[in-house]
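Please look over the chain below before reading on. The notes after it go through its helices, rings and annotation.

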Amino acid sequence: MEFILIIFLIGITGAFISGMLGIGGSIINYPMLLLIPPLFGLHGFTAHEVSGISAIQVMAASIAAVWSYKKGSYLHKPLIAYMGTGILTGSLMGSFLSIYMSENGVNMIYALLALIAALMMFIPKKEGNDFKVNEVDFHKGIAVVLSILTGIGSGIVGAGGAFLLLPIMLSVLKIPIRVTIASSLAVTFISSVGTTAGKMFTGQIDYFPASILVIASLLAAPLGAKAGQKISAKYLQAALAILITAAAIKIWSGLF
């Protein structure tokens with residue numbers, strides 16, 4: 001029961017924040033699943049197990065959060081289509097590559113992605129967050145290439161890639177924050193489908209803790225999405241920058 005409760009609380013925390021900030025939740029759940037269970041004397045997960053569990057959790061959290069945004073005006077369908085196609089391709093490749101990597105290798109990829117995302121959050125962003133979704137334009141070629149590369153990395157660590165997609169959309173493609181949050185959740189769901197399929201095929205998923213996280217995600221992610229729609233865009237962006245930076249520091253500190 002203690003194991004179930006701890007995993008459930010990890011899932012609730014990750015899913016609520018993921019829905020609010022437009023991330024799949026792996027940026028939060030990955031370090032928590034690695035570090036928290038052993039603190040309570042429970043069985044610890046390997047990096048491969050965490051990547052498999054995270055893949056299913058991200059899929060559940062992202063689709064639950066997207067459902068909360070479906071009636072809004074922030075889902076940018078062309079952006080979702082282009083980046084979704086690229087990240088699905090990359091995530092399938094990455095999830096199959098991960099089986100050949102060591103545990104330290106998987107953690108290193110995660111730490112590298114988090115570091116890149118943290119640095120990108122400090123690149124100047126496009127001013128103004130009140131544009132209508134049909135007024136938003138982006139470079140399609142850059143979007144596809146970067147989404148493929150993001151998919152490869154996220155497929156390896158079992159993430160949806162949203163913690164890297166968000167700074168890419170904000171800083172490189174210059175997408176307004178609320179359109180970024182809503183659309184990145186949809187792209188993350190597409191990515192997680194490819195990642196989960198690869199993890200299942202290669203036997204990297206522990207289904208019991210994954211099912212606990214799925215239940216927690218379906219409950220908490222829609223609540224987080226509703227909260228995010230009521231919070232000022234600048235506070236959302238600041239919270240996202242702090243979260244990604246903290247995760248990057250924590251993972252890197254554990255590698256050395």
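This report covers model basis, one helix, an aromatic cluster, a charge over a ring, and the annotated regions.

## Basis

This is a predicted model: local features need pLDDT of at least 70, side-chain atom pairs count only at pLDDT 80 or more, and totals for chains, interfaces and linings use all residues. Residues are numbered from 1 along each chain as its sequence is written, and side-chain values use heavy atoms, with hydrogens and water left out.

Helices (H or I, at least four residues) and strands (E, at least two) are DSSP runs, numbered from the N terminus.

## Helix 8

Helix 8 covers residues 177-201, 25 residues in total. The expected span is 1.5 Å times one less than the number of residues. That gives 36 Å for helix 8, and its end C-alpha atoms are 35 Å apart, which agrees.

Of the 25 residues of helix 8, 19 are buried, so the helix is largely enclosed by the rest of the structure. Buried means under 20% relative accessible area, exposed over 50%, and partly exposed in between (1.4 Å probe, protein chains only). Just after helix 8, G203 takes a positive phi of about 70 degrees.

## Aromatic cluster

The structure holds four aromatic pairs. Rings of Phe, Tyr and Trp (its six-membered ring) pair if their centres lie within 6.5 Å; planes under 30 degrees apart count as stacked, over 60 as edge-to-face and the rest as tilted.

One of the pairs joins F3 and F45: the ring centres are 6.1 Å apart and the planes stand at 55 degrees, so the pair is tilted. F3 sits in helix 1 (residues 2-21), and F45 in the loop between helix 2 (26-39) and helix 3 (47-69), 42 residues apart. F3 is partly exposed at 21% relative accessible area. F45 is buried at 6%.

F3 also pairs with F208, with centres 6.2 Å apart and planes at 15 degrees, so this pair is stacked. It links distant parts of the chain: F208 lies in helix 9 (residues 207-228), 205 residues from F3. F208 is partly exposed, at 46%. Ring pairs thus link F3, F45 and F208 into a cluster.

## Charge over a ring

K140 lies over the face of F138, 5.2 Å from the ring centre. The criterion is NZ of Lys or CZ of Arg within 6 Å of the ring centre and within 35 degrees of the ring normal.

## Annotated regions

The unreviewed UniProt entry annotates "transmembrane region" at several stretches, including residues 50-67 and 79-101. UniProt positions follow the numbering used here, feature names are shortened, and annotations may be inferred rather than shown by experiment.

Residues 50-67 are 100% helix and 0% strand, with end C-alpha atoms 26 Å apart. Residues 79-101 are 83% helix and 0% strand, with end C-alpha atoms 32 Å apart.
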